[in-house]
Amino acid sequence: MKTKEKVLQILQENINQAVSGEKLAAACNVSRAAIWKAVTTLRDTGYEINGTTNGGYIFTGNEDIFSKEDFCKYLKESYPNLKSEVETFEVIDSTNTYAKKLISQAGSLKTPDGQFTDAGLKLQNKIIVTESQTAGKGRLGRTFVSPAKTGIYISMIIIPEKPITDPALLTTSAAVAVCRVLKKIYNINPQIKWINDIFANGKKLCGILTEGFTNFETRTIDSAVIGIGINVKENPYLPDDVKAIATSIQTLGIEKINRCQLAAMIGGETLNILQEDSLKVMAEYKALSCLIDKEVTVFPIIGDQNSAYTATVMDIDENASLIVKTGTGEIKKLNSGEVSLKSANLTFGRI
């Protein structure tokens, strides 16, 4: 038995009780320095082990271990009828980038008569999940900081029976799915900032990025990747400007967080919701919106201050377009791929 395994066994046998480093060293027949190294490794793995002033160690019983086995167990328990291949990583550049690579390497996903190929069947509903990303990205090419142990980062490959004509509906469905899971597990009442951000207590908790593969002959999207990144714990690596607008599940007062369960339920609920009636899902999305009746600044040309104008959000239609009214009374329909928004002084729901 390795030193760290022996140390964990002893601490688990003495849960919530201090065990001295000297006692652990004697039991494992190693030095105190080796015990410290083993405890550090266990902490990095996800075990909550506190140190005391006299050099003892206390295992609290809390652990945050992320494994494929646990992920699949939670997925199966909550969504027994869902067929999905799961691939997990400790670290990857980006789950979306990896998913798109799998699609591009697969060749044809369907036959000319619309039947799934073997490659299409293998990739359909595939879930890729990682503990950290080295090149996470958000909408409009923004960086999504994704260090280990602070969040979950998950992507799902979607190959619908019929081509996707409006990828925004995938994003809105995923947003509703995330909100459902947060409410169910943690009793959090989140809101959605059009089109892809989940907010809680006035700060961003989760971001969603949907990317599609276009068939140039039909001008439709034959497959897509839905990427979801959610802040579980406070992220010390965020830039100061992002820290000011970001929050996490832990910051909201939730102490016990099982990242594996959370990731599995978000993945399962997202794939499940895509089978529901889109009009009902959009009605739920609209009810969760934090922008209705609020004033926003619209940037028709991303980053161009000269093109910006203020408007009041009137509605969100069945195609996920934002309906706004300008200061001159003109009604405009905004597409998520064409504009960027900034909003201030918004009143958000609280837990």
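## Where helix H7 ends

Right after H7 comes Asn 187, a residue with a positive phi, near 55°. Keep in mind that this is a predicted model.

Stepping back along the chain, H7 itself covers residues 168-186, 19 residues in total. From first C-alpha to last, H7 reaches 27 Å, close to the 27 Å expected at 1.5 Å a residue. Most of H7 is covered up, with 14 of its 19 residues buried.

## The nonpolar cores

So where does H7 fit in? The largest nonpolar core has 69 residues, and the ones touching the most other members are Phe 71, Leu 182, Ile 228, Ile 230, Ile 249 and Leu 262. H7 gives this core its largest share, 11 residues.

Let's pick out one of those well-connected residues, Ile 249. Which residues is Ile 249 in contact with, leaving aside its neighbours within four places in sequence? Among them are Leu 182, Tyr 186, Ile 188 and Leu 205, along with Ile 230, Asn 231 and Leu 262.

There's also a second, separate core, made of 16 residues, including Ile 10, Cys 28, Ile 35 and Phe 59.

## A pocket that H7 helps to line

H7 turns up again at the second largest pocket, where H7 and helix H9 (259-273) each supply at least two residues of the lining. This pocket has a volume of about 820 Å³.

What sort of residues line the second largest pocket? The lining divides into 14 nonpolar, 8 polar and 5 charged residues. Of the 27 lining residues, Ile 158, Pro 160, Glu 161, Leu 274 and Gln 275 lie nearest the pocket's centre.

Notes. Residues are numbered from 1 along each chain as its sequence is written. This is a predicted model: local features need pLDDT of at least 70, side-chain atom pairs count only at pLDDT 80 or more; totals for chains, interfaces and linings use all residues. Side-chain values use heavy atoms; hydrogens and water are left out. Helices (H or I, at least four residues) and strands (E, at least two) are DSSP runs, numbered from the N terminus. The expected span of a helix is 1.5 Å times one less than its number of residues. Buried means under 20% relative accessible area, exposed over 50%, partly exposed in between (1.4 Å probe, protein chains only). On a 1 Å grid over the protein atoms alone, a cavity is a set of points where a 1.4 Å probe fits but cannot get out, and a pocket is an open set with protein on both sides within 12 Å along at least five of seven lines; lining residues have an atom within 4 Å of a point. Grid points are joined across faces, edges and corners, and a volume is the space filled by probe spheres set on the points. Ala, Val, Leu, Ile, Met, Phe, Trp, Tyr, Cys and Pro count as nonpolar, Asp, Glu, Lys and Arg as charged, and the others, Gly among them, as polar. A nonpolar core is a set of buried Ala, Val, Leu, Ile, Met, Phe, Trp, Tyr and Cys residues joined through side-chain atoms within 4.5 Å. Contact means heavy atoms within 4.5 Å.
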